[in-house]
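Me: Could you take a close look at one part of this model for me, the aromatic rings that pair up, and then walk me through what surrounds that part in the fold? Keep it informal, but give me the geometry.

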Amino acid sequence: MAMAAALRREGRRFAPLVSSSSSILNSGVTARSSLLSEELGPQGARSISTQIVRNRMKSVKNIQKITKAMKMVAASKLRAIQVRAENSRGLWQPFTALLGDTPSIGVKKNVIVTISSDKGLCGGINSTSVKISKGFYKLNSGPDKETKYVILGEKAKAQLVRDSKKHIEMCITELQKNPLNYTQVSVLADDILKNVEYDALRIVFNKFHSVVSFLPTVATILSPEVVERESESGGKLGDLDSYEVEGGETKAEVLQNLTEFQFSCVMFNAVLENACSEQGARMSAMDSSSRNAGEMLDRLTLTYNRTRQASITTELIEIISGASALTG
């Protein structure tokens with residue numbers, strides 16, 4: 001009896017230790033079971049759970065379906081815009097022949113019109129436009145010069161607002177939400193001319209060449225005062241004096257109308273060219289994403305097959321070992 005009482009006392013004394021150790025073991029088992037992604041294989045080697053690999057493969061397949069669908073949508077939009085962009089090139093070419101395009105001319109008030117897209121997943125066309133715009137800003141900056149930004153598109157706004165917020169004069173987004181026409185762009189151009197003082201407008205956009213190629217382009221439009229000054233000084237615009245103005249309008253009024261019409265035509269073409277470049281770049285980006293998803297799916301399939309084969313081999317070894325132990 002005395003020995004039983006002593007054992008009961010010892011049991012009560014060691015009970016907290018036993019319960020704490022058992023709780024630690026249970027928590028360790030719970031933590032081990034929660035780590036589904038990693039299991040200890042033979043000889044302590046780590047192997048990936050087949051369930052995790054299957055889930056990953058399913059996710060990659062879904063991503064590949066989305067990228068292929070986005071490529072097809074971009075291709076259909078590109079075909080619709082490309083014809084309009086090619087037809088719009090005939091609008092601004094006569095103005096270039098008449099008024100010229102002189103990006104190196106020095107003026108006091110410069111306005112950089114940066115055209116970009118509202119959506120991403122289209123490669124680096126927006127970053128290219130922003131880099132060129134910043135380069136023109138640095139070239140035309142000085143103590144006696146003033147340079148402002150007019151931004152068309154959400155992506156250029158997101159990049160330029162970080163370090164050039166105080167130099168942004170206007171921001172226009174969701175321009176391509178509806179199919180563009182010349183009336184919409186001319187109203188937009190008139191709004192820009194009414195709210196911005198300028199000596200030269202620098203329109204930065206991406207000119208479409210092919211699905212995999214676009215050329216960053218800058219179109220320069222001078223104010224009527226600068227055009228008249230350059231023509232009188234006999235510079236690159238000196239040929240304007242050879243034309244006769246008929247009607248009651250003066251030369252200044254004619255130049256004012258020509259400049260406004262030139263800006264709306266150039267801007268209409270620039271918006272369409274940039275939209276074509278956007279869709280072409282999105283097609284290329286989505287095609288690359290689909291190929292990368294296919295390559296990743298192949299690697300995951302190989303990993304899944306190897307993991308499944310290793311687990312089957314391990315189970316066979318255990319069965320054979322158990323059978324050998326029973327027969328031995």
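**Rings, helices and long-range contacts**

Reply: Let's begin with the chain as a whole: of the contacts between residues at least 6 apart in sequence, 74% join residues at least 24 apart. Bear in mind that this is a predicted model. The chain has 328 residues, and buried ones make up 34% of them. Its secondary structure comes to 7 helices and 7 strands, and from the N terminus on the order of elements is α-β-β-α-β-α-β-α-β-α-β-β-α-α.

Now to the rings. A pair of aromatic rings is described by the distance of the centres and the angle of the planes, and a search of the whole structure turns up 3 aromatic pairs. One of them is Tyr182 with Phe261, with 6.5 Å from centre to centre and 85° between the planes, an edge-to-face arrangement. Tyr182 sits in helix H5 (residues 182–195) and Phe261 in helix H7 (residues 251–327), so this pair ties together parts of the chain that are 79 residues apart in sequence.

Tyr182 also pairs with Phe268: here the ring centres are 5.7 Å apart and the planes stand at 90°, so this one is edge-to-face as well. Again the link runs between distant parts of the chain, from Tyr182 in helix H5 to Phe268 in helix H7, 86 residues apart. Taken together, ring pairs join Tyr182, Phe261 and Phe268 into a cluster.

How open are these rings to the outside? Tyr182 has 27% relative accessibility and counts as partly exposed. Phe261, at 42%, is partly exposed too. Phe268 comes out at 10%, which is under the 20% cut-off, so Phe268 counts as buried.

Staying on helix H7, have a look at Asn274, which is also placed there. Asn274 has 0% relative accessibility and so counts as buried. Leaving out neighbours within four places in sequence, Asn274 is in contact with Ile115, Ser116, Ser117, Ser129, Phe205 and Asn206.

One of those contacts, Ser129, leads us on to helix H3, given its range of residues 125–139. The axes of H3 and helix H4 (residues 154–163) come within 9 Å and cross at roughly 40°. The two helices are therefore oblique to each other, and their crossing is right-handed. On the H3 side the contact is made by Asn126, Ser127, Val130 and Lys134, while H4 brings in Lys155, Ala156, Gln159, Leu160 and Asp163. By class it's an even split, with 3 nonpolar, 3 polar and 3 charged residues.

One last stop is Glu146, in strand E4 (residues 146–152). Glu146 has a relative accessible area of 39%, so it is partly exposed. Not counting residues up to four places away in sequence, Glu146 touches Lys108, Lys109 and Asn110. If you want a distance to check in your viewer, the C-alpha atoms of Glu146 and Val107 are separated by 9.1 Å, with their positions 39 residues apart along the chain.

So, back to your rings: Tyr182 of H5 is paired with Phe261 of H7, which is why parts 79 residues apart are tied together there, and the Phe268 pair links H5 and H7 across 86 residues.

Conventions: Residues numbered from 1 in each chain as written. Predicted model: local features only at pLDDT ≥ 70, side-chain atom pairs only at ≥ 80, totals over all residues. Heavy atoms only, no water. Phe/Tyr/Trp six-rings, centres within 6.5 Å; stacked < 30°, edge-to-face > 60°. Helix = DSSP H or I, 4+ residues; strand = E, 2+ residues; numbered from the N terminus. Buried < 20%, exposed > 50% of the residue type's maximum accessible area, 1.4 Å probe, protein only. Axes fitted to C-alpha atoms, helices over the stretch in contact; angles between N-to-C directions. Parallel < 35°, antiparallel > 145°, perpendicular 65-115°, else oblique. Left-handed = near helix turned anticlockwise from the far one by under 90°. Contact = heavy atoms within 4.5 Å. Nonpolar A, V, L, I, M, F, W, Y, C, P; charged D, E, K, R; others polar.
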